[in-house]
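Work through the exercises below with the sequence and the 3D structure at hand. Each task is followed by a solution in steps.

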Amino acid sequence: MGEKVVAGPFDLSDRQRYRGKLRRCLTGLERLLEEKRFDRPKNLMGLEIELNLAGPDGMPRMMNAQVLERIASRDFQTELAMFNLEVNIAPHRLGGRVFDRLAEELRTSLGYAHRKASEVDAGIMMIGILPTLGQDDLVSSNLSDVDRYTLLNDQIVAARGEDFALDIDGVERLVCTSQSIALEAACTSVQLHLQVTPGRFADVWNAAQAVAAAQVAVGANSPFLFGHELWRESRAPLFQQSIDTRPPELQAQGVRPRTWFGERWISSAYDLFEENLRFFPPLLPICDDEDPLGVLDQGGVPKLAELVLHNGTVYRWNRPVYGIADGVPHLRVENRVLPAGPTVTDVIANAAFYYGLVRALAEDARPVWTRLPFEAAAANFDAACRHGIDARLEWPRRGRHGGTTRVDAVNLVRDELLPLAAAGLDAWGVEPADRDLYLGVIDDRCRLRTNGAGWQATTFHRALEKGLGRDAALAATTRRYGELMHLGEPVHTWPVGLPEPVPLGSP
């Protein structure tokens, strides 16, 4: 969705033409795969982080245009709402001290952005859902002033034909409605990209799906929305419901939601692009002038613009991406399950865990997806979003007996997944110092059974016990989170609760 999109009305002929172009793009992709035109292995990874703007009081600030003007860097872009930004880190080759280099780049970029935001009484907050957001903040008038967001909102609202209904039943229950997709802006995520060859794509995607629950269990950081304590990773139900184009009747018929875990293991990247066309009506029928098959006939590389645009409106938790770099097409797996934050160290630890684990599982002689039913992987993801680090997950038994068993997420991660992640990072050629530092952060979270969501919830309840009202407790928790986030020590080391006030007259 990063492309420039010009808003305008669509008629039936636009939609018919777009469907035809989508089919030609899919045929073009099939030919590219058959002709083995894709880039050779480069071990490239990329990173995007969505951010919130909040003031010193912890409340959201609707001023991304002013902040971006001051930052004046192509690395930072608008996101859906005026309190959102996104930072993009240039692709890096996996290996060596890549994670330390990424951490340094992120600290520099975010520190600079925070200083620039402070010039207009705002600041950068890296958190899954900003706890101080209110329903009045998530309205269409607060969408970023960008044509593609306006157009996407109009098309999703038209497809649904009625208000969006939010019903999340967690620690507490939240029921509300919205007239726009602005609710989705509450979700701020980390996206991890991995460039893969077509022959490796299915194994990497299947591995990423299998470990999504473990990623969320250790990385959950979104327990609050609109003053309610919900799931430990409330982004998942919020994202699905906030852009759900299905009225209740279509939901009852089993029509798939646009935010989707999927329903099967795959054997090719083509499977995912084909499913996206088969299951999901186009939202943005904007046609490019290119004839993709004509370009292929002349030996060129087609942009497949319609396919790319449509793919960007289907929100898989692990999304296939087609791109072109230096005139050569490539495929990426975009991992979208993680919330932003809490600190740069935590984000990089989550990334190291993911890249190492996916490498090891994709190369396993007995792939996990041949031993774990897809329905179990989907149920695991749901359980991890609900319960975070306290989740219990279904996982294949070790040894010859086969079958699956239920296990605490922390035990699964410490006993089985962290050793695999370490082996995977070794296979990438990552330096042992980087490997041990960042996987050690994941191990410590499991050992202490804490993550960003746990810290937020415990600190909030401590504030309530001190006599603060709910809104004041959420604001105080958010301010304290911001202080600790900018200090930069990983979340498992954070002191729980609010600091005691210093008595007047103290030295």
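**Exercise 1. A hairpin**

Task: Which residue of strand 13 is the bridge partner of Gly323? Describe the pairing around it.

Solution. Step 1: His330 in strand 13 is the bridge partner of Gly323. The model is a predicted one.

Step 2: Strand 13 covers residues 328-339; it runs antiparallel to strand 12, and 8 bridges join the two.

Step 3: The hairpin of these strands has 2 residues between them, and Asp326 there takes a positive phi near 55 degrees.

Step 4: Strand 12 is mostly covered, with 6 of its 8 residues buried.

**Exercise 2. Two aromatic pairs**

Task: How many aromatic pairs does a search of the whole structure find? Characterise the pair of Phe38 and Tyr322, then that of Tyr481 and Trp494.

Solution. Step 1: The search finds 16 aromatic pairs.

Step 2: Phe38 and Tyr322 are arranged edge-to-face, at 6.2 Å centre to centre and with 85 degrees between the planes. The cut-off for edge-to-face is an angle over 60 degrees.

Step 3: To place this pair, look for Phe38 in the loop between helix 1 (12-34) and strand 1 (44-54), and for Tyr322 in strand 12 (residues 318-325). The two residues are 284 apart, and their pair links distant parts of the chain.

Step 4: Buried means a relative accessible area under 20%. Phe38 has 10%, so Phe38 is buried. Tyr322 has 5% and therefore counts as buried.

Step 5: Tyr481 and Trp494 also form an edge-to-face pair, with 5.3 Å centre to centre and 80 degrees between the planes. Tyr481 belongs to helix 16 (residues 470-487) and Trp494 to the segment after helix 16, so this pair ties together parts 13 residues apart in sequence.

Step 6: The burial cut-off applies again: Tyr481, at 1% relative accessibility, counts as buried, and Trp494 is buried with 6%.

**Exercise 3. The cavity and a ring cluster**

Task: Which residues line the largest cavity? Sort them by class, then find the ring cluster.

Solution. Step 1: The structure holds 1 cavity of 30 Å³ or more. The volume of the largest cavity is about 40 Å³.

Step 2: Its lining consists of Ser189, Gln191, Arg235, Phe239, Thr259, Tyr315, Trp317 and Arg336. Strand 7 (189-196) and helix 6 (235-242) each give two or more residues to this lining.

Step 3: By class, the lining has 3 nonpolar, 3 polar and 2 charged residues.

Step 4: Ring pairs join Phe239, Phe261, Trp265, Tyr315, Trp317, Phe374 and Phe381 into a cluster. Phe239, Tyr315 and Trp317 appear both in this cluster and in the cavity lining.

**Exercise 4. The second largest pocket**

Task: What is the volume of the second largest pocket, and which elements give two or more residues to its lining?

Solution. Step 1: The volume is about 440 Å³.

Step 2: The lining has 21 residues, and those nearest the centre of the pocket are Pro237, Gln240, Arg246, Pro257 and Thr259.

Step 3: Helix 6, strand 10 (259-260) and helix 12 (374-387) are the elements asked for.

Step 4: The lining divides into 11 nonpolar, 5 polar and 5 charged residues.

**Exercise 5. Charges over rings**

Task: Over which ring does the charged end of Arg256 sit, and over which ring that of Arg359?

Solution. Step 1: The charged end of Arg256 sits over the ring of Phe279, 3.6 Å from the ring centre.

Step 2: For Arg359, the ring is that of Trp428, with the charged end 4.5 Å from its centre.

Conventions: Residues are numbered from 1 along each chain as its sequence is written. This is a predicted model: local features need pLDDT of at least 70, side-chain atom pairs count only at pLDDT 80 or more; totals for chains, interfaces and linings use all residues. Side-chain values use heavy atoms; hydrogens and water are left out. On a 1 Å grid over the protein atoms alone, a cavity is a set of points where a 1.4 Å probe fits but cannot get out, and a pocket is an open set with protein on both sides within 12 Å along at least five of seven lines; lining residues have an atom within 4 Å of a point. Grid points are joined across faces, edges and corners, and a volume is the space filled by probe spheres set on the points. Helices (H or I, at least four residues) and strands (E, at least two) are DSSP runs, numbered from the N terminus. Ala, Val, Leu, Ile, Met, Phe, Trp, Tyr, Cys and Pro count as nonpolar, Asp, Glu, Lys and Arg as charged, and the others, Gly among them, as polar. Rings of Phe, Tyr and Trp (its six-membered ring) pair if their centres lie within 6.5 Å; planes under 30 degrees apart count as stacked, over 60 as edge-to-face and the rest as tilted. Buried means under 20% relative accessible area, exposed over 50%, partly exposed in between (1.4 Å probe, protein chains only). A charge sits over a ring if NZ of Lys or CZ of Arg is within 6 Å of the ring centre and within 35 degrees of the ring normal. Two strands pair if DSSP finds at least two bridges between them.
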